[in-house]
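Please look over the following chain together with its metal ion before reading the points below. The briefing moves from the metal site outward to the fold, the cores and a few individual positions.

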Amino acid sequence: MRPSALSGARWAQPAVRRSLTLGEITATYLPDGYVELHPARWFSLDETTDLYDDRPELVAASGYLVASIGVLLLEGPGWRILVDAGLGPTSVPADATHPALGVMRGGGLASFAQVIGEVDAVVLTHAHDDHVGWARRGWPGLPGVARAPHLVGRDEPAPRGWEHVDDGQQIVPGVTAIATPGHTAGHLSLVVAGEDRRLVVLGDTFHSSLQVEVPRLSSCFDVDPARSRDSRARMLRELDTPGTVAVATHFADVPFGRVRAGRWEPVA
Ligand SMILES: [Zn+2]
């Protein structure tokens with residue numbers, strides 16, 4: 001899709017279901033809900049004017065950035081993997097969340113139970129509430145996911161029974177885990193290699209497309225901001241490789257994209 005053909009509203013509204021095909025592999029973003037991010041507090045900025053002057057479309061009428069919450073279903077020849085586990089069937093009002101957040105809402109995944117069906121593994125990018133919600137609750141209504149092995153990065157705290165994976169470890173042929181610490185100690189990204197295209201699963205190395213333009217911006221939830229900057233730099237190098245697209249969990253309704261001229265360009 002040409003950027004000029006993109007509805008401006010998609011930069012500031014929660015994601016809908018979107019798919020991308022890379023040869024034999026299909027990646028489908030399934031939304032669970034959204035969380036509002038305070039444009040200044042989320043990045044620990046004193047003021048927002050300069051940063052958002054060029055990007056007014058990122059700020060919703062509510063005054064917040066809209067961060068989608070969702071999962072990624074990866075389907076290849078003979079295998080199906082789910083990445084992340086959403087927030088789960090719950091909502092938190094703005095006055096009960098962190099000061100850098102507004103409303104947080106989940107539960108949308110319930111309507112995709114048939115689409116998700118059985119999976120061979122669940123890869124959790126990290127153990128924050130908006131990525132492990134359904135897993136912590138035992139996947140109600142999703143028994144074909146509950147019994148699959150749950151994989152998490154080597155240095156990430158995990159409940160008993162979850163398995164740890166290492167940097168560079170192959171999950172299935174064509175899907176490789178990459179350690180991208182900084183947001184959390186054991187944060188994981190993935191590289192999915194299709195026939196002539198690659199998909200990089202960014203996880204929470206980035207929370208807003210604004211960070212593609214200004215990668216020094218770290219979120220106030222990053223446990224190690226310097227390492228999270230290093231991980232963003234590593235992901236941007238991956239995205240420099242020709243034929244590479246990415247998926248970002250929290251990028252409003254533009255989760256699939258690539259970097260063109262230093263900016264996020266939606267592709268699905
Ligand atoms: Zn997150």
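Aspartate 130 and histidine 131 are both buried, and in this predicted model they belong to the set of protein donors around a zinc ion, which is made up of Asp130 (OD), His131 (NE2), Asp204 (OD) and His250 (NE2). Both residues also appear among the buried residues of helix H3, a helix that spans residues 129–136.

**Zinc site**

- The donor atoms of Asp130, His131, Asp204 and His250 lie 2.1 to 2.3 Å from the zinc ion, and along the chain these donors follow the spacing D-H-x72-D-x45-H.
- The arrangement around the zinc ion is irregular because the angles subtended by the four donor atoms run from 88 to 169°, whereas a tetrahedral assignment would require all angles to lie between 85 and 135 degrees.
- Threonine 249 sits in the loop between strand S14 (244–247) and strand S15, and it counts as buried because its relative accessibility is 9%, where buried means under 20%.
- Beyond its neighbours within four places in sequence, threonine 249 is in contact with the zinc donors His131 and Asp204, and its other contacts include Tyr29, Ser68, Gly70, Asp84 and Gly203.

**Helix H3 and its surroundings**

- Helix H3 is mostly covered, with six of its eight residues buried, and these six are Asp130, His131, Val132, Gly133, Trp134 and Ala135.
- The buried residues of H3 pack against strands S2 and S3, together with strand S7 (121–124) and strand S8 (150–153).
- Glycine 138 follows H3 and has a positive phi, near 80°.

**Overall fold**

- The chain contains six helices and 16 strands, and its C-alpha atoms fill a box of roughly 50 × 45 × 35 Å along the principal axes.
- The radius of gyration of the chain is 17 Å, which agrees with the value near 18 Å that a compact globule of 268 residues would have.
- Of the 268 residues, 56% count as buried, and the accessible surface of the chain comes to about 11,000 Å², with 49% of that area belonging to carbon and sulfur atoms.
- Among contacts with a sequence separation of 6 or more, 66% join residues that are 24 or more positions apart.

**Nonpolar cores**

- The largest nonpolar core has 33 residues, and those with the most contacts inside it are Phe43, Leu202 and Trp264.
- Two or more residues of this core come from each of strand S2 (25–37), helix H1 (49–53), strand S3 (65–76), strand S6 (101–105), helix H5 (210–213) and helix H6 (225–240).
- Another core, of 29 residues, lies apart from the largest one, and its members include Ala15, Ala27, Leu190 and Val192.
- Tryptophan 264, leaving aside its neighbours within four places in sequence, is in contact with residues including Trp11, Leu202, Ser209, Val212, Ala246, Phe251 and Val254.

**Alanine 177 and its contacts**

- Alanine 177 lies in strand S11 (residues 175–179), and it counts as buried because its relative accessibility is 0%.
- Not counting residues up to four places away in sequence, alanine 177 touches Val165, Asp166, Asp167, Gly168, Gln169, Ile171, Leu188, Ser189 and Leu190; of these, Leu190 is one of the members of the 29-residue core.
- The C-alpha atoms of alanine 177 and glycine 153 are 8.4 Å apart in space, although the two residues are separated by 24 residues in sequence.

**Loop positions and backbone angles**

- Aspartate 84, in the loop between strand S4 (79–83) and strand S5 (91–92), has a positive phi near 75° despite not being a glycine, and it is buried, with a relative accessible area of 2%.
- Alanine 261, in the loop between strand S15 (256–260) and strand S16 (263–266), likewise has a positive phi, near 55°, but alanine 261 is exposed, with a relative accessible area of 84%.
- Glycine 23, in the loop between strand S1 (18–22) and S2, is partly exposed at a relative accessible area of 37%, and its C-alpha atom is separated by 7.7 Å from that of arginine 197, which is 174 residues away along the chain.

How values were computed:
Residues are numbered from 1 along each chain as its sequence is written. This is a predicted model: local features need pLDDT of at least 70, side-chain atom pairs count only at pLDDT 80 or more; totals for chains, interfaces and linings use all residues. Side-chain values use heavy atoms; hydrogens and water are left out. Donors are N, O and S atoms within 2.8 Å of the metal (3.2 Å for Na, K and Ca); water is not among the atoms, so sites may look incomplete. Four donors count as tetrahedral if all angles lie between 85 and 135 degrees; four count as square planar and six as octahedral if opposite donors are over 155 degrees apart and all others between 65 and 115; anything else is irregular. Buried means under 20% relative accessible area, exposed over 50%, partly exposed in between (1.4 Å probe, protein chains only). Helices (H or I, at least four residues) and strands (E, at least two) are DSSP runs, numbered from the N terminus. The radius of gyration is taken over C-alpha atoms; the globule rule is 2.2 Å times the number of residues to the power 0.38. Contact means heavy atoms within 4.5 Å. Accessible areas come from the Shrake-Rupley method with a 1.4 Å probe; for residues, only the protein chains shown count as cover. A nonpolar core is a set of buried Ala, Val, Leu, Ile, Met, Phe, Trp, Tyr and Cys residues joined through side-chain atoms within 4.5 Å.
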